Amino acid sequence: MSTMILFGVVALTLLYVVSEVLSIKKMDEGTPEMKELAGIIRSGADAFLKTEYKMITLVVVVLALVFSCFIERWSGLSFLLGATMSSCACILGMISATYANVRTSNAARTTLNIGETVRVAMRGGSISGLSVQAFGLFGVLLLFVIRGGVDPEATSSGLLVSLPCNPDLMIIATYSLGCSVVAMFNRVAGGNYTKAADISSDILAKIRHDLPEDDSRVPNVIADFIGDNVNDIAGNCSDLLESFVATISASFMIAVGIYRGNEALIPFETFNATILFPILLAGGGLLSCLIGMFVGTHRKLSNNPSRDLDMANWISSGLTILFGLCSSYFVFNNEKLYDSFKIGWLSPWISAVLGILSGVAIGVITEYYTSTDFKPTRELARIAPEGDAFIVTKGDAIGSRSCLLPIVVIGVALFISGKLCGTYGLAVSALGMLSFVGATVSIDAFGPISDNAGGIAESAHLPAEVRVITDKLDAVGNTTAAIGKGFAIGSAAFATVSLIVAYVGSYTPLGAEPVLNFASFVVIAGGIIGGALIEYFCAILTDNTIESAKLMADEGDKQMSVPGVLEGTKHADYNTMITLAAQQALKKMLAPSLLALTIPLLGGILFGVEFVGGLLLGATIVAIPRAIFMGNSGGAFDNAKKYIESGELEGHGKGSPAHKASVTGDTIGDTRKDVVGVALDIFIKMMSTVANTLAPIFARISLMK
């Protein structure tokens, strides 16, 4: 009965999403020049996704065959399902963004009203966010119903190899891994595409030729518009869908780990309750987000975009807390609870609330360190007149300082959740943070849509008063994007910790407490290598982006030297630049993406399960502060530049030495926040998911036992 209700919530959400897509498509695109630009952006994004998904499909099919043959016979199909659900959310999000961007510009042009312009961008963003949570939950529900729940005692093996494993857990783990693979490819390829285009266009426009930002005479600008959708929409959708699914998967694994070996003490009904609660929490969160985004986009909006976005977020998170309370009472009130549930049926709910509050708190902290409304970013802008070295050093200090509070929030929430609810509380707390992910992604998607809208307004030479409106939306969008990145990193921390706990439990003897022995040289060796692996991964992504940016800057310079381009009487060859960006991104995405798949496999087969546990923990401990540093320093650099461009720093406007120093900072920050920082969270989640999937192999096959 509960699952049928949740299927109904998913169906209602997807109907709403489709109706919003159709409604947005009916809106006017504006002037012929706006329509032309929007068409180029849309076709470029579509072409990139089609080419990328040809490569993804090949990898996914090969891996699906491997899983079915060597892990569990049905796991290949669940892996394909995960990749499909993630891809559906990406494609719908991309469609909505590439239709909403130009219509947002046109709303600003025709109404000259901030509220009406915000409405269009929010509706476009809500399609992305609600699709993420709906498709992610739909796949889980489908597997849950087909398998008839989770049987803690079931065993199965691959078609070719007999390595017994729990098929229900393996199927949900490979479903999560399917989502992970798509997310990793999207983030790595999308990050390279958008930042190579962005950095090269900034170099050409602001440093080499003293042109305005988003000037259509710079061919790289159009590729940058496409990249915003490829990375910040498709990449972000797949990233957070994967986190959402991974936390549900971890909660199932931990619940089974607690039950097995303690069957005499724990009624089977209680075990079923621990399986059902995460699904109900996720479903209640989806319904909350649907209500929050509907109210947020269909009421009279103010001239304060931040207030309207916050309203939708607060409604979604508030209702999620309420539905979570009802679900916890419904599921656990009449059951004999675990001794670790210190305050009865309220324990799982409080753990979930701690996760929700952590997500909100991380957003507030991120906003403080990256928004122009607060001291850190303003101080960064004020030091720009001193030159490049000062702004880079100060930006690094802001990024480092911003790491402490979010990590303290995560640590405290995990500690209290563990005290209140045991290891199960860790998974529930992680899921709590992601239970209203539909609203989080919706608000985050507002950023790239607004950014594209402003770029179209600039490139289509719309009146100055239109650009004032789109600039205001863009400034708010920068902050929401930074908050979204902070949320993604925080959620990755929660999800990865849950997955590590589940992994250790997977090879722990029945009835024993899962323990990763830090005194073991094997674990320490794994931890040190895991930490170093994060730095190596960062270096690969950074090198790839800078190499691509240089190629694109040189090609852009070559095109701008053609007579008539700089004079505005002739268009540059946009298609050549778009093709170059796509080729570079796709060429450089495979090697770093496969690292997350191969490192746990090699480590487990060579050195065993404990080495992989250390590897995961070391990588996580290094990656979380590194990702926060990257995201927040990059966000501060970006907004400091915009603070100067808006004329807020008296005597230092566009084109001044201070502005050029801030452009240098922004160029450095681009790779940090939109390539490395956002890929790190997927990297650690994917390694942990791979480890959980391959744990049965590691436990039985190790060359150095």
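**A tour of cores, cysteines and a surface patch**

Welcome! A search of the whole structure finds zero disulfides. Keep in mind that this is a predicted model.

Start by selecting Cys179, which takes part in no disulfide. Now add Cys90: its sulfur is the nearest cysteine sulfur to that of Cys179, and it lies 9.7 Å away. Cys179 is also buried, with a relative accessible area of 0%.

Next, pick Cys421. Why is there no bond from this residue to Cys326? The two sulfurs are 18 Å apart, too far for a bond, although Cys326 holds the closest cysteine sulfur. Cys421 is buried as well, its relative accessible area being 1%.

Now for the inside. Select Phe48, Tyr175, Phe244, Tyr424, Tyr503 and Phe683: these have the most contacts within the largest nonpolar core, a set of 214 residues. Colour residues 167-208 and you will see helix H5, which gives the most to this core, with 21 residues.

Zoom in on Phe48. Leaving aside residues up to four places away in sequence, Phe48 touches Ala189, Tyr193, Val230, Ala582, Ala585 and Leu586. A second, separate core is also worth a visit: it has 15 residues, including Leu380, Ala384, Val392 and Ala640.

Finally, move to the surface. Which residues form a nonpolar patch there? Select Leu58, Val62, Val66, Phe70, Leu159 and Leu160, which together have about 580 Å² of accessible area. Val62 makes a good last stop: this residue is found in helix H2, residues 32-70, and is partly exposed, with a relative accessible area of 45%.

Methods
Residues are numbered from 1 along each chain as its sequence is written. This is a predicted model: local features need pLDDT of at least 70, side-chain atom pairs count only at pLDDT 80 or more; totals for chains, interfaces and linings use all residues. Side-chain values use heavy atoms; hydrogens and water are left out. A nonpolar core is a set of buried Ala, Val, Leu, Ile, Met, Phe, Trp, Tyr and Cys residues joined through side-chain atoms within 4.5 Å. Buried means under 20% relative accessible area, exposed over 50%, partly exposed in between (1.4 Å probe, protein chains only). Helices (H or I, at least four residues) and strands (E, at least two) are DSSP runs, numbered from the N terminus. Contact means heavy atoms within 4.5 Å. A disulfide is a pair of cysteine sulfur atoms within 2.5 Å. Patches are made of residues with over 30% relative accessible area and no salt bridge: like charges are joined within 9 Å, nonpolar side chains (Val, Leu, Ile, Met, Phe, Trp, Tyr) within 5 Å. Accessible areas come from the Shrake-Rupley method with a 1.4 Å probe; for residues, only the protein chains shown count as cover. A salt bridge is a side-chain nitrogen of Lys or Arg within 4 Å of a carboxyl oxygen of Asp or Glu.
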